[in-house]
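Here's a quick tour of one protein model, starting with its charged side chains and then moving on to packing, rings and surface. Have a look at the structure before reading on.

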Amino acid sequence: MSAPARRYDLDALRVGAFLLLLLYHLGMFYVSWDWHVKSNHVLRNLEPWMGVVNPWRLTLLFVISGAATRFMGERASSATFAKERSQRLLVPLLFGMILIVAPQSWAEVVEKNGYAGSFLDFWPRYLTFDPSFGLILPTYNHLWFVAYLWVYTMLAVALRPFWPAIEAGAARLLKGPALLLLPALLFGLYRATAARAWGETHIVFADGYGHLQYGTAFLLGFVMARNDAAWDLLERRRLGVLATACAALAVGLLVRRYEYVQEAGSLTTVAAFVRETYAWTVICALFGYARHYIRSGSPLLTTLTEAVFPFYLIHQTAIVLAGHFLTPLALPVLIEASAILVFEIGACLATYGLARAVPILRAPLGLKPAPRRPNKARALATE
């Protein structure tokens, strides 16, 4: 089997999804939903817009991650691949838990628990599993995605002898309309049952619904990766799929409004299936349009593809700290949000620059090892 060509369309969608996450978490500082720290300004009008992207943004990332795992897995033995992926995922995860996420937890206990100590007072207690704050410490907060991705990758490595059979079965099952229908029904079933019973915890060892949702998304990306017929179908039918997504969104909004007005709990199951139909068709439409329009790379895409992991690692800590220190100033919301966004972008760029400049920080901050430079003496000797 030949090595796959670089999928620039998936690179672009991955970059876009992570950049959207940078804005989404800034929004979490302002909406009425619970979060680590909160602004004095509550922007309820922002919530519907966040609700539009919330059903599909993380599922999209796991589907892309599953496809990327399938492509990367072709180039190395199982042992080598497991080692490489563990280094790329676990090193940033552990570094993030020890250092990057800790300031988030400090700001949270200051605001929610009235803790009066400095970060330097808090950090040793954070590292020694102090239960007195009412939080699980140390924690990974937004880095839960990395932990889940590592678990799914290791499961994929363990099942490597069965890859051909799994892909062949999926290709027979996910063709034609079934590619749109079956995942939507499966995700809807999860939403109507497991989500209602267990909720979503982001605790890797206690998140039944999360693993059903995101593990299935990872598997879908994995089995679709080399299925050219599936990608071609999504490209050909992209307009119809987008129209279906828009229709599902409209129906979902009507159902939600009816439930709110009538308190019609019996429609919750309907809402779950409509929501997941909307989410999956949005994802499929994005795949179709990206495959049609993004056929080649660019220097900017190459840079952003490398940079998004360091951006992801640092962005939420930047938002939390900036928001925590700016809230007492009682700034107008536009000035406050703009200042946080500028600080967030600056922190992302600085982290990426630091990772590139300091070799020992490349792995902890999410970059691959620097390519080896050719040995000049060895090169001259072979001439």
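Does Glu-276 count as buried or exposed? At 1% relative accessibility, Glu-276 counts as buried, since the cut-off for that label is under 20%. Keep in mind that this is a predicted model.

**Salt bridges**

Glu-276 has a charged partner in Arg-275: their side chains meet in a salt bridge, 2.7 Å from N to O. Arg-275 is partly exposed, with a relative accessible area of 21%. The model has 14 salt bridges in total. Salt bridges with shared partners also tie Arg-70, Glu-74, Glu-167 and Arg-226 into one network.

Arg-70 is a good place to look into that network. Its side chain meets that of Glu-74 in a salt bridge, and Arg-70 forms another one with Glu-167. The Arg-70 and Glu-167 pair links distant parts of the chain: Glu-167 belongs to helix H8 (residues 163-173) and Arg-70 to helix H3 (residues 57-73), 97 residues apart. Glu-167 and Arg-70 are both buried, with Arg-70 at 6% relative accessibility. Glu-74, by contrast, is partly exposed, with a relative accessible area of 25%.

Here are the three bridges discussed above, with their N to O distances:

| Salt bridge | N to O distance |
|---|---|
| Glu-74 and Arg-70 | 3.0 Å |
| Glu-167 and Arg-70 | 2.4 Å |
| Arg-275 and Glu-276 | 2.7 Å |

**Nonpolar packing**

Now for the greasy part. The largest nonpolar core holds 107 residues, and the members touching the most others are Phe-122, Trp-280 and Phe-287. Helix H15 (residues 299-326) supplies the largest share of this core, with 14 residues.

Which residues does Phe-122 touch, leaving aside those up to four places away in sequence? Its contacts are Ala-102, Ser-105, Trp-106, Val-109, Tyr-115, Phe-133 and Leu-137. There is also a second, separate core of five residues, including Ala-76, Phe-81, Ala-82 and Met-154.

**Rings**

On the aromatic side, the count comes to 27 aromatic pairs. Take Phe-218 and Phe-222: their ring centres are 6.5 Å apart and their planes sit at 25°, so the pair is stacked. Both residues lie in helix H11 (residues 208-224), four residues apart, or about one turn of the helix. Phe-218 and Phe-222 are both buried. They also belong to one aromatic cluster, whose members include Phe-18, Phe-62, Trp-144, Tyr-214, Phe-309 and Tyr-312.

**Out at the surface**

Some nonpolar side chains show up outside too. Leu-94, Ile-98, Leu-99 and Leu-127 make a nonpolar surface patch of about 330 Å². Where does the patch get most of its residues? Helix H4 (residues 78-100) gives the most, with three residues. Leu-127 sits in helix H6 (residues 119-127). With a relative accessible area of 32%, Leu-127 is partly exposed, because that label covers values between 20% and 50%.

Ala-197 is another surface residue to check: it counts as exposed at 58% relative accessibility. Ala-197 is placed in helix H10 (residues 194-198). Its C-alpha atom is separated by 31 Å from that of Ala-102, and the two residues are 95 apart along the chain. Ala-102 also appears above, among the residues that Phe-122 touches.

How values were computed
Residues are numbered from 1 along each chain as its sequence is written. This is a predicted model: local features need pLDDT of at least 70, side-chain atom pairs count only at pLDDT 80 or more; totals for chains, interfaces and linings use all residues. Side-chain values use heavy atoms; hydrogens and water are left out. A nonpolar core is a set of buried Ala, Val, Leu, Ile, Met, Phe, Trp, Tyr and Cys residues joined through side-chain atoms within 4.5 Å. Buried means under 20% relative accessible area, exposed over 50%, partly exposed in between (1.4 Å probe, protein chains only). Helices (H or I, at least four residues) and strands (E, at least two) are DSSP runs, numbered from the N terminus. Contact means heavy atoms within 4.5 Å. Patches are made of residues with over 30% relative accessible area and no salt bridge: like charges are joined within 9 Å, nonpolar side chains (Val, Leu, Ile, Met, Phe, Trp, Tyr) within 5 Å. Accessible areas come from the Shrake-Rupley method with a 1.4 Å probe; for residues, only the protein chains shown count as cover. A salt bridge is a side-chain nitrogen of Lys or Arg within 4 Å of a carboxyl oxygen of Asp or Glu. Rings of Phe, Tyr and Trp (its six-membered ring) pair if their centres lie within 6.5 Å; planes under 30 degrees apart count as stacked, over 60 as edge-to-face and the rest as tilted.
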